[in-house]
Amino acid sequence: MTDLFSDAYALAQDAADPLSTLRAQFHVPRHGDGEQAYFCGNSLGLQPRGARAAIDEVMDKWAREAVEGHFREPAPWMPYHALVRDGLAAVVGAQPAEVVAMNSLTANLHLMLVSFYRPTRERPAILMEAGAFPSDRYALESQIRFHGFDPTTDLIELQPDEPEGTLSMAAIARAIAQHGPRLALVLWPGVQYRTGQAFDLAEIARLAHAAGAVAGFDLAHAVGNLPLQLHDADADFAVWCHYKYMNAGPGAVGGCFVHARHARSERPRFAGWWGHDQASRFRMGPAFVPTPGADGWQLSNPPILGLAPLRASLQLFARAGGMEALRARSLRLTGYLEALIRERLADTLQIATPHEPERRGAQLSLRVAGGRERGRALFEHLAGLGILGDWREPDVIRISPAPLYNSHADILRFARAVAAWRD
Ligand SMILES: *Cc1c(COP(=O)(O)O)cnc(C)c1O
């Protein structure tokens, strides 16, 4: 029988996978003479080694060319955001004109709500999950108030129906059916940040549309984690950030998807000059004519320094062979983590994330037996050994093996450290 807990097994798994070499393309934080086992890619992804060169290129161009840097090859700033377009479209499963890198996640969510949340007296409501990331809830609640409606009746928060705090598709379908006639919008996560549960976006969009509502998605924890097919899933819009699994750095420029059927939408929008039709933008005329597609929702010329690392990151996604290849590796890594826990750590760590691979991404949320104090003690013990997960109150350690840079060896190190601490 193979011993999953042996170095030989973990090292052989890593050696057999050509994608293991991508780790060398990242700065892994040091711990003593070695490297950390870094499992916080769901919070802040590691720095690609190419990121600094991408920023330096902008700094040098600014020093040498100043204002002419907007137009001079290579990588002029005027169309700079277009340099990431194809790479992003590939990562989220969209047509290139459906995606744009701009602003930040919450700002993009508000811009999308301006266009896609149009409440009426008959249809004022938004359906979301209870326990959503607070920023999303603040955005939705404030938008409902902004339109003169009342969040206590018009923000519908679906409570988990499964024991570990996850949601069944049946419960989502029931909620959409129950509230259907009053629903203006269903806003759902691709992957729930606390439980790690992944959702069937195509099915949620189908149900929302059948009820006469708009379907929008927050993909903060899904992009760069799971293969997405936003166009085929028929999402109306989606927003995400690039500092988690996308590794584009703290506060990196965010992402936004608008389905092609809305490319020439006449819905209301908050406009800015960078969303103006590119052919006539610099005529500086008074009337706003939007660029067709997601680009038409841009407000400002983008922060080039904030976009530069995303170019470096997207090159690595391309080098990996795309999201399907990364997902295959991710399934092996997270499956290995789960197997180690089930085999020897089940008395200490209870897995709150769904067991079925199609209902989760890279992350496992682990509830520590014995409650908060014991959980904190384990978390701090691991951090002291250079094994970094992150902590979610009251008793959860989130461990997220990122397929671009985590290894079976990292996971074995985590599991052994937990076993040694317990014994
Ligand atoms: C990380 C995250 C955010 C963060 O929002 P910013 O606007 O980028 O600060 C928002 N929503 C979800 C679901 C997240 O996971």
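This report describes two sheets and a ligand site in a predicted model.

**The ligand site**

Nine residues are named here by their place around the ligand: Leu105, Thr106, Phe133, Asp136, Asp218, Ala220, His221, Tyr243 and Lys244. By class, this shell divides into four nonpolar, two polar and three charged residues. Polar side-chain contacts to the ligand are set out below.

| Residue | Ligand atom | Distance |
|---|---|---|
| Asp136 | nitrogen | 2.7 Å |
| His221 | oxygen | 3.2 Å |
| Tyr243 | oxygen | 2.5 Å |

In each case the protein partner is a side-chain atom: an N or O atom for Asp136, a polar atom for His221, and an N or O atom for Tyr243. On its own the ligand has 390 Å² of accessible area, and the protein covers 82% of that area.

**The seven-stranded sheet**

An open sheet of seven strands follows the order β6-β12-β11-β10-β9-β7-β8, and its pairing is mixed. Its edges are formed by β6 (99-101) and β8 (155-158), each of which pairs on one side only. From one strand to the next, the twist averages 20 degrees. At one end of the order, β7 (residues 125-129) pairs with β8 in the parallel sense over four bridges; Ile126 has Leu155 of β8 as its bridge partner.

Two helices are associated with this sheet. Helix α3 (residues 85-92) packs on the sheet and touches β6 and β11 (237-240), with its direction at about 120 degrees to that of β6. Helix α8 (residues 201-210) lies across β9 (183-189) and β10 (214-218), and runs at about 150 degrees to β10.

**The four-stranded sheet**

The other open sheet has four strands in the order β13-β14-β17-β16, with antiparallel pairing. Its edge strands are β13 (349-351) and β16 (390-392); each has a single partner strand, so one side of each is left without a neighbour in the sheet. Neighbouring strands here are turned by 35 degrees against each other on average, direction ignored. Strands β14 (residues 364-368) and β17 (residues 396-399) run antiparallel and are joined by four bridges, with Ile399 in β17 as the bridge partner of Leu364.

Helix α11 (residues 323-345) packs on this sheet, where it touches β13, β14 and β17, and its direction makes about 20 degrees with that of β14. Helix α12 (residues 372-384) lies across β13, β14, β16 and β17, and runs at about 165 degrees to β16.

Conventions
Residues are numbered from 1 along each chain as its sequence is written. This is a predicted model: local features need pLDDT of at least 70, side-chain atom pairs count only at pLDDT 80 or more; totals for chains, interfaces and linings use all residues. Side-chain values use heavy atoms; hydrogens and water are left out. Two strands pair if DSSP finds at least two bridges between them. Axes are lines fitted to C-alpha atoms, for helices over the stretch in contact, and angles run from 0 to 180 degrees between N-to-C directions. Contact means heavy atoms within 4.5 Å. A residue is near a molecule or strand if one of its heavy atoms lies within 4 Å of it. A polar contact is a pair of N or O atoms within 3.5 Å; within protein, one must be able to donate a hydrogen and the other to accept it, and residues adjacent in sequence count only if both atoms are side-chain atoms. Accessible areas come from the Shrake-Rupley method with a 1.4 Å probe; for residues, only the protein chains shown count as cover. Ala, Val, Leu, Ile, Met, Phe, Trp, Tyr, Cys and Pro count as nonpolar, Asp, Glu, Lys and Arg as charged, and the others, Gly among them, as polar.
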